[in-house]
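New to this one? Take a moment with the sequence and the 3D view before reading on.

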Amino acid sequence: SFFLSFFLQVTLEERAAYFAVSCRPITARAEDDMELLSDIVTWGEAYLDHWGAGVYRCARCRLALYDSRDKWRGPCAWPSWRQPLSEASVSTAEVLGYNGYACAVREIYCARCDLFVGHQFEDARVGRQI
């Protein structure tokens with residue numbers, strides 16, 4: 001099927017089909033497809049347990065987004081950071097009613113190319129969490 005062949009086109013070296021799924025605002029379908037594509041290509045989330053020093057960059061345009069010193073083990077299956085490398089690295093948009101969360105939730109996009117990169121959840125204990 002077209003859908004399966006679309007998914008089979010994505011590798012770590014060739015991600016155009018993955019990038020094509022991203023949209024703003026992100027839809028539930030696009031978010032699910034991006035997660036599935038990421039899982040297929042990396043056999044699970046490759047960077048979740050990666051703790052090497054360095055800078056995490058946008059997969060599409062290579063803009064520096066996060067510093068490894070700000071990474072933490074969040075409650076989900078995706079890497080989490082306390083803050084972006086700079087406020088100019090990302091852009092955000094408020095999300096209302098995201099999956100029933102009571103806290104404030106924002107979508108996060110690369111500030112240069114608008115690739116969807118995740119969500120920011122407000123945490124009353126320690127401020128925002130990405």
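What follows is a quick tour by topic, from the overall layout down to single residues.

Keep in mind that this is a predicted model. The chain has 130 residues, and 41% of them are buried. Its secondary structure adds up to 3 helices and 8 strands.

**The overall layout**

- Reading from the N terminus, you meet the elements in the order α-α-α-β-β-β-β-β-β-β-β.
- Take the contacts in the chain with a separation of 6 or more: 42% of them join residues 24 or more positions apart.
- The accessible surface comes to about 7,800 Å², and carbon and sulfur atoms account for 55% of that.

**The nonpolar core**

- The largest nonpolar core is made up of 23 residues, and the ones with the most contacts inside it are Met34, Cys58, Leu65, Tyr66 and Cys110.
- Four elements give two or more residues to this core: the helices α2 (16-21) and α3 (28-42), and the strands β2 (64-67) and β6 (105-110).
- Which residues does methionine 34 touch, once its neighbours within four places in sequence are set aside? They are Tyr18, Val21, Ser22, Ile26, Leu115 and Phe116.

**Strands β5 and β6**

- Strand β6 has 5 of its 6 residues buried, so the rest of the structure largely encloses it.
- Its pairing partner is β5 (residues 90-95), and the two run in the antiparallel sense over 6 bridges.
- One of the residues involved is valine 90, whose bridge partner in β6 is cysteine 110.
- Alanine 93 also sits in strand β5, and at 22% relative accessibility this alanine is partly exposed.
- Not counting residues up to four places away in sequence, alanine 93 touches Arg24, Val105, Arg106 and Glu107.
- Alanine 93 and histidine 119 are 26 residues apart along the chain, and their C-alpha atoms are separated by 9.4 Å.

**Strands β1 and β2**

- Here's another antiparallel pair: β1 and β2, over 3 bridges.
- Valine 55 has aspartate 67 as its bridge partner in β2.
- The hairpin of β1 and β2 has 6 residues between the strands, and arginine 62 takes a positive phi near 70° there.

**Salt bridges**

- Side chains of opposite charge can pair when their charged atoms come close.
- How many salt bridges turn up in a search of the whole structure? The count is 4, and three of them are described below.
- Aspartate 114 pairs with arginine 24, with the closest N and O atoms 2.7 Å apart.
- That link spans distant parts of the chain, 90 residues apart: aspartate 114 is in the loop between β6 and β7 (116-123), while arginine 24 is in the loop between α2 and α3.
- Both ends of this pair are partly exposed: aspartate 114 has a relative accessible area of 33%, and arginine 24 comes in at 36%.
- Arginine 73 and aspartate 49 also meet in a salt bridge, at 3.9 Å from N to O.
- This pair, too, links distant parts of the chain, 24 residues apart: arginine 73 is in the loop between β3 (71-72) and β4 (80-81), and aspartate 49 is in the loop between α3 and β1 (55-57).
- Arginine 73 is partly exposed at 46%, whereas aspartate 49 counts as exposed at 56%.
- Arginine 69 pairs with aspartate 67, and their closest N and O atoms are 2.8 Å apart.
- Is each partner in that pair buried or exposed? Arginine 69 is exposed, with a relative accessible area of 71%, but aspartate 67 is buried at 9%.

**Cysteines**

- A disulfide is a covalent bond between the sulfur atoms of two cysteines.
- A search of the whole structure finds 0 disulfides.
- Cysteine 58 is in no disulfide, and the nearest cysteine sulfur, which belongs to cysteine 113, is 3.5 Å away.
- Cysteine 58 is buried, with a relative accessible area of 1%.
- Cysteine 110 is in no disulfide either, and the nearest cysteine sulfur there is that of cysteine 61, 3.5 Å away.
- At 0% relative accessibility, cysteine 110 is buried.
- Cysteine 58 and cysteine 110 are both listed among the core residues with the most contacts.

How values were computed: Residues are numbered from 1 along each chain as its sequence is written. This is a predicted model: local features need pLDDT of at least 70, side-chain atom pairs count only at pLDDT 80 or more; totals for chains, interfaces and linings use all residues. Side-chain values use heavy atoms; hydrogens and water are left out. A nonpolar core is a set of buried Ala, Val, Leu, Ile, Met, Phe, Trp, Tyr and Cys residues joined through side-chain atoms within 4.5 Å. Buried means under 20% relative accessible area, exposed over 50%, partly exposed in between (1.4 Å probe, protein chains only). Contact means heavy atoms within 4.5 Å. Two strands pair if DSSP finds at least two bridges between them. A salt bridge is a side-chain nitrogen of Lys or Arg within 4 Å of a carboxyl oxygen of Asp or Glu. Accessible areas come from the Shrake-Rupley method with a 1.4 Å probe; for residues, only the protein chains shown count as cover. A disulfide is a pair of cysteine sulfur atoms within 2.5 Å.
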